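The following exercises are meant to be worked through with the model open beside the text. Try each task before reading its solution.

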Amino acid sequence: MVNVSENITRVLERIAAAARRSGRRPEDITLVAVTKTVPVERIREAVACGLKDLGENRVQELLSKQPHIEGVNWHLIGHLQRNKVRQVWDRVCLIHSVDSLELAREINKRATAAGRRVDILLEVNIAGEESKFGLVPDAVIPLVREIAGWPGLHICGLMTVAPLVADPEEVRPVFLRLAALRREVEALRLPGVDMAYLSMGMTNDFEVAIEAGANMVRIGSAIFGSRDYQTKVEVH
Ligand SMILES: *Cc1c(COP(=O)(O)O)cnc(C)c1O
């Protein structure tokens, strides 16, 4: 049996220790609990333990769970197709996965029409893995320059998914590179851009990510158990 409450306690301790090692306070790090494939009852256990930020990587799954869990902030962390923007843009507190001009344009269009502004992160594929989404690092600054100041967008930082490796030390350079890119963007001082968040670090590598500067980590299996053993959530 997975003990969600114990898992959360342990994860929070590890986050706090990594924060201190990097000269920050535990409360400077936002934990986004990744709830993909996790049934609603188990998510409620985590919310009862005080978790306030939940992340889903599929639009349909997010929308199907949302009505059943109250008082939390939903993060969209997975790839977003342009034709799904309409369904989700105003249902989440932060979209972590903006990876093209076309997607940014669609979000901006929807938000502007409603007189709103959407908080977004730009997803960067630092390691250049073919299987992953995200901008190539060299495309980040040109894209930021292009979309900065668009009235429907608030660019709040950068996100990456590091390659899955046995020893998380191997991906420290990936995290350091994203942290450096964040500073480069910050130095441009563009309107509508504030690099508040660095969303990086998952179950296998979150401590290294925090040491490298992450202030938002997305953690699923360390909280809810391995997804291999979970029943697939049916979405309609
Ligand atoms: C699934 C997922 C996570 C969490 O993965 P764990 O290894 O279970 O912590 C984080 N970020 C993204 C984008 C994901 O899809």
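A polar contact is a pair of N or O atoms within 3.5 Å; within protein, one must be able to donate a hydrogen and the other to accept it, and residues adjacent in sequence count only if both atoms are side-chain atoms. This is a predicted model, in which local features need pLDDT of at least 70 and side-chain atom pairs count only at pLDDT 80 or more, while totals for chains, interfaces and linings use all residues. Residues are numbered from 1 along each chain as its sequence is written, and side-chain values use heavy atoms, with hydrogens and water left out.

**Exercise 1. Find the polar side-chain partners of the ligand.**

Step 1. Begin with Asn 57, which has a polar side-chain atom 3.3 Å from an oxygen atom of the ligand.

Step 2. Turn to Lys 36, where an N or O atom of the side chain is 2.6 Å from a ligand oxygen atom, and then to Arg 218, where an N or O atom of the side chain is 2.9 Å from a nitrogen atom of the ligand.

Step 3. Consider the cover: of the 390 Å² of accessible area (Shrake-Rupley method, 1.4 Å probe) that the ligand has on its own, the protein covers 92%.

Step 4. Widen the search to residues with a heavy atom within 4 Å of the ligand; among them are Val 34, Ile 77, Met 202, Ser 221 and Arg 227.

**Exercise 2. Determine which residues of helix α6 are buried, and how they are arranged around the axis.**

Step 1. Apply the cut-offs: buried means under 20% relative accessible area, exposed over 50%, and partly exposed in between (1.4 Å probe, protein chains only). Helices are DSSP runs of H or I with at least four residues, strands are runs of E with at least two, and both are numbered from the N terminus.

Step 2. In α6 (residues 137-147), the buried residues are Pro 137, Val 140, Ile 141, Leu 143, Val 144 and Ile 147. They lie on the same side of α6, because they cover an arc of only 165° around the axis, taken from the directions from the helix axis to the C-beta atoms.

Step 3. On the face turned away from this buried side, α6 carries the exposed residues Asp 138 and Arg 145.

**Exercise 3. Describe the surroundings of Asn 7.**

Step 1. Asn 7 is placed in helix α1 (residues 4-21) and counts as buried, at 17% relative accessibility.

Step 2. Its side chain reaches the backbone oxygen of Ile 223 at 2.9 Å.

Step 3. With neighbours within four places in sequence left aside, Asn 7 is in contact (heavy atoms within 4.5 Å) with Val 2, Ala 222 and Ile 223.
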